[in-house]
Amino acid sequence: MRQGCTVGIMCPTMSLVATILFSIILAGRPVAQLPAIWVGTLIKNFPIAFFLNVFAAAPLTRIVFGLIFDRNDTKTAEIATENN
C-alpha cells in the first residue's frame, strides 16, 4: 500500500512547511508554539490526505494511466515472435 506510505511522509512534511510559513513567518506567532501548531495542523490534514489519496487520487490515476499506456500483452507477444 504505497499510497499510505506516501501520505505518511508527505503530509507531516508539508504540514510543517505550511505551519512555518503561514503561522510563524506570516502570522508572527512565537516559535515556541511551533510544535503545538504543527501537531494541530497534522491532525486536521492527515485523515483527509490519506482517504483522498487512497479512495480518489490513486484509483483515478491508475485509470487514466491505464487508458493512456495500454498494457496490451498481445502486441508484446507478436513483437517477440516476429523478432525470433
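Biologist: What share of the contacts in the chain with a separation of 6 or more comes from residues 24 or more positions apart?

Modeller: A contact means heavy atoms within 4.5 Å. In this chain, 58% of the contacts with a separation of 6 or more join residues that are 24 or more positions apart. Before we go on, please note that this is a predicted model, where local features need pLDDT of at least 70 and side-chain atom pairs count only at pLDDT 80 or more, while totals for chains, interfaces and linings use all residues. Residues are numbered from 1 along each chain as its sequence is written, and side-chain values use heavy atoms, with hydrogens and water left out.

Biologist: Thanks! How many helices and strands are there in the chain?

Modeller: Both are DSSP runs numbered from the N terminus: helices are H or I with at least four residues, strands are E with at least two. Here the chain has three helices and zero strands, and its elements run α-α-α from the N terminus on.

Biologist: Which residues of helix 2 are buried?

Modeller: The relative accessible area sets the class: buried is under 20%, exposed is over 50%, and partly exposed lies in between (1.4 Å probe, protein chains only). In helix 2, the buried residues are Leu34, Ile37, Thr41, Asn53, Val54 and Ala58. Across the 84 residues of the chain, 18% count as buried. For a contrast within helix 2, look at Pro35, which is exposed at 52% relative accessibility.

Biologist: Where does helix 2 bend, and by about how many degrees?

Modeller: A bend at a residue is the angle between axes fitted to the seven residues ending there and the seven starting there. Helix 2 bends by about 50° at Asn53, and Asn53 is one of the buried residues of that helix. The end-to-end span is worth a look too. The expected span is 1.5 Å times one less than the number of residues. Helix 2 has 35 residues, yet its end C-alpha atoms are only 44 Å apart, short of the 51 Å that a straight helix would reach.

Biologist: What lies 2.8 Å from a polar atom of the side chain of Thr41?

Modeller: That would be the backbone oxygen of Ile37. A polar contact is a pair of N or O atoms within 3.5 Å; within protein, one must be able to donate a hydrogen and the other to accept it, and residues adjacent in sequence count only if both atoms are side-chain atoms. Thr19, placed in helix 1 (residues 2-26), has a polar contact of its own: a polar atom of its side chain lies 2.6 Å from the backbone oxygen of Ser15.

Biologist: Is Thr19 buried or exposed?

Modeller: Thr19 is buried, with a relative accessible area of 2%. Leaving out residues up to four places away in sequence, Thr19 touches Ile24, Leu34, Ile37, Trp38 and Thr41. Seen from helix 2, Thr41 touches Ser15 and Thr19 under that sequence limit. You can also follow C-alpha distances: Pro35 and Thr19 are 16 residues apart in sequence and 9.3 Å apart in space. Gly8, found in helix 1, is 8.1 Å from Phe50, C-alpha to C-alpha, although they are 42 residues apart in sequence.

Biologist: How many aromatic pairs does the structure hold?

Modeller: A pair of aromatic rings is described by the distance of the centres and the angle of the planes. Rings of Phe, Tyr and Trp (its six-membered ring) pair if their centres lie within 6.5 Å; planes under 30 degrees apart are stacked, over 60 edge-to-face, and the rest tilted. The structure holds four such pairs. One of them is the stacked pair of Phe51 and Phe55, 6.0 Å centre to centre with 5° between the planes. These two are four residues apart in helix 2 (residues 34-68), so about one helical turn separates them. Phe51 is partly exposed at 46%, while Phe55 is exposed at 61%. Phe65 and Phe69 form a stacked pair as well, at 5.8 Å and 20°; Phe65 is partly exposed at 45% and Phe69 is exposed at 54%.

Biologist: Which residues form one aromatic cluster?

Modeller: Phe46, Phe50, Phe51 and Phe55 do.

Biologist: And what does the count of disulfides come to?

Modeller: A disulfide is a covalent bond between the sulfur atoms of two cysteines. The test asks for two cysteine sulfur atoms within 2.5 Å, and the count comes to zero. As for the cysteines Cys5 and Cys11, Cys5 is exposed at 54%, whereas Cys11 is buried at 8%.
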